[in-house]
Amino acid sequence: MGERDNTGLAELRRGVLVLAVLSRLRTPQYGYSLRQALAEGGMPIEEGTLYPLLRRLESQGLLASEWNTEQSPRRYYRLNAEGERMLAALTEAWREQVRVMNSFLEGRAQ
Amino acid sequence: MNTHEIIESYVRDVARHLPRSKRNDVAFELRALLGDELAAKSQAAGRAPDKGIVMELLKGFGRPADVAARYHQRGALIDSADTHHFLIWSLSGAVTLSLLSALSPSAERDNGDEFLKWLGLLAIIFAVRGWWRRRSPKAMAWKPRRGHDWMPRGLALLSMVATAVFPLFVYAAPQTFVETMFFGRVVSDGVVLTDSFAQSGERIAGIIMLGMLVVMYAAVLVQGRYAPWSNWTFAALHGGLGLLMGAHGGVARAGQVFTTAKANEVAAPIFGVLGTFLLMCALYGVYQEWARIKPAPATDSQPK
């Protein structure tokens, strides 16, 4: 894959990053475990992008977090009620986008 | 430095770019996350963490200031969209100061100091404007404007009358102007022109150019807008008058505009400032024509 292809893929992923993160936070995760989960699921995200994003989503009121300092200190994030609502809304929008894009790519839309 | 010290240094550098209220908490989390990442990288490399591994990790993470910006986006002091106008205004200040120095050489002015003050003032104005735009987007929302060519007829009439009454009258007959303005109650001997200046070609040229300016405003009054020819006339007349005022400043410094020394002393810097103002108007007119938007498809040699 060429550099231009990589740039296009990165932009495509950036657009769905929030939805991907929210979808993985129905169960509590700390930063590194979430990054691992996303990578194993086929969406590798740069650490320098993901960790600040978690903070931003929390400051937007979509996530709750708490420290667990029993072993290595780790901050666990999970969806709160507003995050659940946002996830549902984005999921619906995503499905609609997939339907539209499929119709574009298959040449059905006029 | 060992790996722990390198990570501590990095975390410190990220945190110091953040608001005070967030620094400690982000630093604590970032240190833990970097520890996790370092352990994973070492495991993948099959060796204990060393300087090479940690530096590669931090390089991938990004420059501390960039990472901090992802954690907390600060508003720019001058919005990137305003950079072009900031540079234009900065350059205008530099040109104005240069012209003032050239046309008012006797005035004591530290151009470097004045330019820094100008830049500071611009930075404050642009920063406040940007802040206000972010705070009240509706108040600063875009509004349609008439183009640079448009001039309300009332303003054109006012400009025509004002140019005829003030600069033309005062320039052509300063003594009569003072007597008329003050109903003959003020002694006008102080503004008597020397014979050499009164009959000079420069003064005749000035009167002609001011007269042409009045005619140009009359044309704008009729048309309700500047035409391309009147834009260029505006620039040419202001440029000519600006240079003329600069030259008059030199004549006044030599004591040869008015018959009294005091009048020459007072007039010399005024001519300089007036000349600078007029030249700035001329440059503005030229700039407006140069930057005029003429929508057209790009040619192959132009960037798209």
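At what angle do helix H2 of chain A and helix H2 of chain B pack, and how far apart are their axes? In this predicted model, helix H2 of chain A, which covers residues 31-40, packs against helix H2 of chain B, which covers residues 20-45, at an angle of about 50°, and the two axes lie 8 Å apart. That angle makes H2(A) oblique to H2(B). On the side of H2(A), the residues that take part are A:Gly31, A:Tyr32 and A:Arg35, and they meet B:Leu33, B:Asp36, B:Glu37 and B:Ala40 in H2(B). Sorted by class, this contact of H2(A) with H2(B) has three nonpolar residues, one polar residue and three charged residues.

Charged side chains deserve a closer look here. Side chains of opposite charge can pair when their charged atoms come close. One such pair is A:Arg35 with B:Glu37, whose side chains meet in a salt bridge at 2.7 Å from N to O. Because A:Arg35 lies in helix H2 of chain A and B:Glu37 in helix H2 of chain B, the pair joins two chains.

From these two helices the reader can move on to the whole contact between the chains, which takes 16 residues from chain A and 14 residues from chain B. The area buried between chain A and chain B is about 1500 Å², and carbon and sulfur atoms give 56% of that area. Within chain A, the residues that lose the most area to chain B are A:Tyr32, A:Tyr51 and A:Arg55, which together account for 35% of what that side buries.

Between chain A and chain B the count is five salt bridges. In one of the salt bridges, A:Arg55 is paired with B:Glu29, and the closest N and O atoms are 2.8 Å apart. Across the same interface of chain A and chain B, 10 residue pairs are found in polar contact, with both residues at pLDDT 80 or more. On the side of chain A that touches chain B, the elements that give two or more residues are H2, helix H3 (47-59) and strand S3 (74-79) of chain A. Of these, H3(A) gives the most, with seven residues. By class, the residues of this side of chain A divide into seven nonpolar, three polar and six charged.

A second helix pair lies within chain B, where helix H7 (residues 153-172) and helix H8 (residues 174-181) pack at an angle of about 125° with their axes 5 Å apart. That angle makes H7(B) oblique to H8(B). From H7(B) the contact draws on B:Val165, B:Phe166, B:Phe169, B:Val170, B:Tyr171 and B:Ala172, while H8(B) supplies B:Pro174, B:Thr176, B:Phe177 and B:Thr180. By class, the contact of H7(B) with H8(B) has eight nonpolar residues, two polar residues and no charged residues.

Technical notes: Residues are numbered from 1 along each chain as its sequence is written. Chains are lettered from A and ligands numbered from 1 in the order in which they are written. This is a predicted model: local features need pLDDT of at least 70, side-chain atom pairs count only at pLDDT 80 or more; totals for chains, interfaces and linings use all residues. Side-chain values use heavy atoms; hydrogens and water are left out. Axes are lines fitted to C-alpha atoms, for helices over the stretch in contact, and angles run from 0 to 180 degrees between N-to-C directions. Helices (H or I, at least four residues) and strands (E, at least two) are DSSP runs, numbered from the N terminus. Angles under 35 degrees count as roughly parallel, over 145 as roughly antiparallel, 65 to 115 as roughly perpendicular and the rest as oblique. Contact means heavy atoms within 4.5 Å. Ala, Val, Leu, Ile, Met, Phe, Trp, Tyr, Cys and Pro count as nonpolar, Asp, Glu, Lys and Arg as charged, and the others, Gly among them, as polar. Buried area is the accessible area (1.4 Å probe) that two parts lose on being put together, summed over both. A salt bridge is a side-chain nitrogen of Lys or Arg within 4 Å of a carboxyl oxygen of Asp or Glu. A polar contact is a pair of N or O atoms within 3.5 Å; within protein, one must be able to donate a hydrogen and the other to accept it, and residues adjacent in sequence count only if both atoms are side-chain atoms.
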